[in-house]
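Here's a quick briefing to read with the structure open beside you. Keep turning the model as you go, and look for each residue when its name comes up.

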Amino acid sequence: MTVDGVRWGILATGGMAAAFTADLVDLPDAEVVAVASRSEASAEAFAERFGIGRAYGDWAALARDEDVDVVYVATPHAAHRAAAGLCLSAGRNVLLEKPFTLNAREAGELVALARANGRFLMEAMWMYCSPVMRRLKALVEDGAVGEVRSVQADFGIAGPFPPSHRLRDPLQGGGALLDLGVYPVSFAQLLLGEPAGIAASAVLSKEGVDLQTGAVLSYESGALASVHCSIVGGTPTAASVTGSLGRIDIPQGFFHPERFVLHRAGREPEEFVHDPSHAPHNSFAHEAREVMRALRAGETESPLVPLDGTLAVMRTLDAIRGRVGVRYPGEAPDGDPDESPAAQLTPA
């Protein structure tokens with residue numbers, strides 16, 4: 001890190017990388033110094049678009065760049081294990097897009113690698129870094145709704161997507177659950193932790209990925225969480241948490257909430273609204289700031305997005321996939337990879 005700020009590298013040049021970088025370059029203490037793609041032309045075009053000084057046509061060159069403090073990895077998630085592992089092994093800190101990996105085994109390998117090398121690693125779960133979501137979590141923990149009885153969340157998009165689309169492609173970890181369902185599951189586990197029991201059902205495509213999935217997560221406390229995701233129907237993307245004393249509703253876009261409403265018996269509803277002076281509610285700046293705060297503090301993981309929590313979410317996603325019968329090429333029947341697609345990728 002320099003006196004002026006934290007130096008970022010961007011690994012990938014797709015839509016997510018562009019959206020994150022657009023918010024990142026507006027932060028005065030962030031400097032984007034390098035970008036890498038498997039295509040040198042793509043890296044150069046991305047660099048020109050955002051005024052980035054170095055463009056690499058392979059991942060390894062970015063991983064070796066000692067002027068980079070942290071790498072944001074935004075490849076398709078089937079490549080997360082390979083891309084993040086390359087950066088961590090080379091001594092880079094990593095912010096890794098969601099879902100963290102294809103499965104819990106790959107996630108555990110990355111966490112072990114980061115801890116062995118003393119490097120910072122965080123899932124880019126921007127929902128956890130949202131000021132509105134942090135306020136909601138604090139209210140629940142302070143007992144605003146009493147003992148939590150149920151959590152509900154959904155995330156669906158209408159499509160339709162052709163079989164060639166990454167959301168339908170097993171080799172790219174396609175399906176609703178990993179791409180969209182990670183949000184409802186992460187919301188439930190933010191408030192209730194890892195479930196004790198899981199029941200699930202799904203509609204699968206002819207390619208073998210889930211078009212829509214519903215799951216009920218049960219907890220030893222007696223609480224239940226109902227989560228749903230879809231790539232064949234647009235849903236409200238709403239969420240709620242109900243307790244013995246009240247309820248909190250996020251009416252729309254719960255994964256980057258602008259507001260929520262607290263309902264308690266005998267009281268008027270209380271609305272909590274995002275303060276836009278700290279960046280828009282749907283900005284990636286909130287998670288970028290948390291990464292930079294942690295790096296300056298010498299932390300190797302974020303208390304807002306702890307690695308053990310990420311591993312727990314991946315175990316839940318694995319369990320749901322096991323129950324509905326979604327298995328990616330190279331995975332064993334229980335969801336663990338013998339040789340996953342990510343492991344077969346080479347950073348060329």
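Let's start with one ring: phenylalanine 155 has a relative accessible area of 9%, so this residue counts as buried, the cut-off being under 20%. Keep in mind that this is a predicted model. From that ring we'll move out to its partners, then to the pockets, and finally to the protein as a whole.

**Aromatic rings**

- A pair of aromatic rings is described by two things, the distance of the centres and the angle of the planes.
- The count for this model comes to 12 aromatic pairs.
- One of them joins phenylalanine 155 and tyrosine 183, with 5.5 Å from centre to centre and 45 degrees between the planes, which makes the pair tilted.
- Where do these two rings sit? Phenylalanine 155 is in strand S7 (residues 148-156) and tyrosine 183 is in helix H8 (residues 176-192), so their pair ties together parts that are 28 residues apart in sequence.
- Tyrosine 183 is buried, and so is phenylalanine 155.
- Phenylalanine 155 also pairs with phenylalanine 255, and here the rings are stacked: their centres are 4.5 Å apart and their planes differ by 10 degrees.
- Phenylalanine 255 belongs to the loop between strand S12 (246-250) and strand S13 (259-264), while phenylalanine 155 lies in strand S7, so this pair ties together parts that are 100 residues apart in sequence.
- Is phenylalanine 255 buried or exposed? Its relative accessibility is 13%, so phenylalanine 255 counts as buried.
- Zoom out a little and you'll find a cluster linked by ring pairs, whose members are Trp8, Phe20, Tyr72, Trp126, Phe155, Tyr183, Phe187, Phe254, Phe255 and Phe284.

**The largest pocket**

- The largest pocket holds about 540 Å³ of space.
- Its lining is made up of 26 residues, and those nearest the centre are Met16, Glu97, Lys98, Arg166 and Asp179.
- Which elements give two or more residues to this lining? They are helix H1 (15-24) and H8.
- Sorted by class, the lining of the largest pocket has 14 nonpolar, seven polar and five charged residues.

**The second largest pocket**

- The volume of the second largest pocket is about 250 Å³.
- It is lined by 17 residues, with Tyr128, Lys137, Leu190, Leu304 and Pro306 closest to its centre.
- At least two lining residues come from each of helix H6 (126-129), helix H7 (131-141), H8 and helix H10 (307-324).
- H7 provides the largest share of this lining, five residues.
- By class, you'll find 10 nonpolar, three polar and four charged residues around the second largest pocket.

**Two helices to look at**

- Helix H4 (residues 80-89) is mostly covered, as seven of its 10 residues are buried.
- The buried residues of H4 are His80, Ala82, Ala83, Ala84, Gly85, Cys87 and Leu88.
- After H4 comes glycine 91, which has a positive phi near 95 degrees.
- Back in helix H8, have a look at serine 186.
- Serine 186 has a relative accessibility of 1%, so this residue counts as buried.
- What does serine 186 touch, leaving aside its neighbours within four places in sequence? The contacts are Met125, Met127, Tyr128 and Val313.

**A loop residue**

- Arginine 327 is found in the loop between H10 and helix H11 (341-344).
- With 47% relative accessibility, arginine 327 counts as partly exposed.
- Arginine 327 and glycine 173 are 154 residues apart in sequence, yet their C-alpha atoms are 9.1 Å apart in space.

**The whole protein**

- The protein has 11 helices and 14 strands.
- Its C-alpha trace spans about 60 × 45 × 40 Å along the principal axes.
- A compact globule with 348 residues would have a radius of gyration near 20 Å, and the protein agrees with this, at 20 Å.
- Of those 348 residues, 55% count as buried.
- Take the contacts between residues at least 6 apart in sequence: 65% of them join residues at least 24 apart.

Technical notes
Residues are numbered from 1 along each chain as its sequence is written. This is a predicted model: local features need pLDDT of at least 70, side-chain atom pairs count only at pLDDT 80 or more; totals for chains, interfaces and linings use all residues. Side-chain values use heavy atoms; hydrogens and water are left out. Rings of Phe, Tyr and Trp (its six-membered ring) pair if their centres lie within 6.5 Å; planes under 30 degrees apart count as stacked, over 60 as edge-to-face and the rest as tilted. Helices (H or I, at least four residues) and strands (E, at least two) are DSSP runs, numbered from the N terminus. Buried means under 20% relative accessible area, exposed over 50%, partly exposed in between (1.4 Å probe, protein chains only). On a 1 Å grid over the protein atoms alone, a cavity is a set of points where a 1.4 Å probe fits but cannot get out, and a pocket is an open set with protein on both sides within 12 Å along at least five of seven lines; lining residues have an atom within 4 Å of a point. Grid points are joined across faces, edges and corners, and a volume is the space filled by probe spheres set on the points. Ala, Val, Leu, Ile, Met, Phe, Trp, Tyr, Cys and Pro count as nonpolar, Asp, Glu, Lys and Arg as charged, and the others, Gly among them, as polar. Contact means heavy atoms within 4.5 Å. The radius of gyration is taken over C-alpha atoms; the globule rule is 2.2 Å times the number of residues to the power 0.38.
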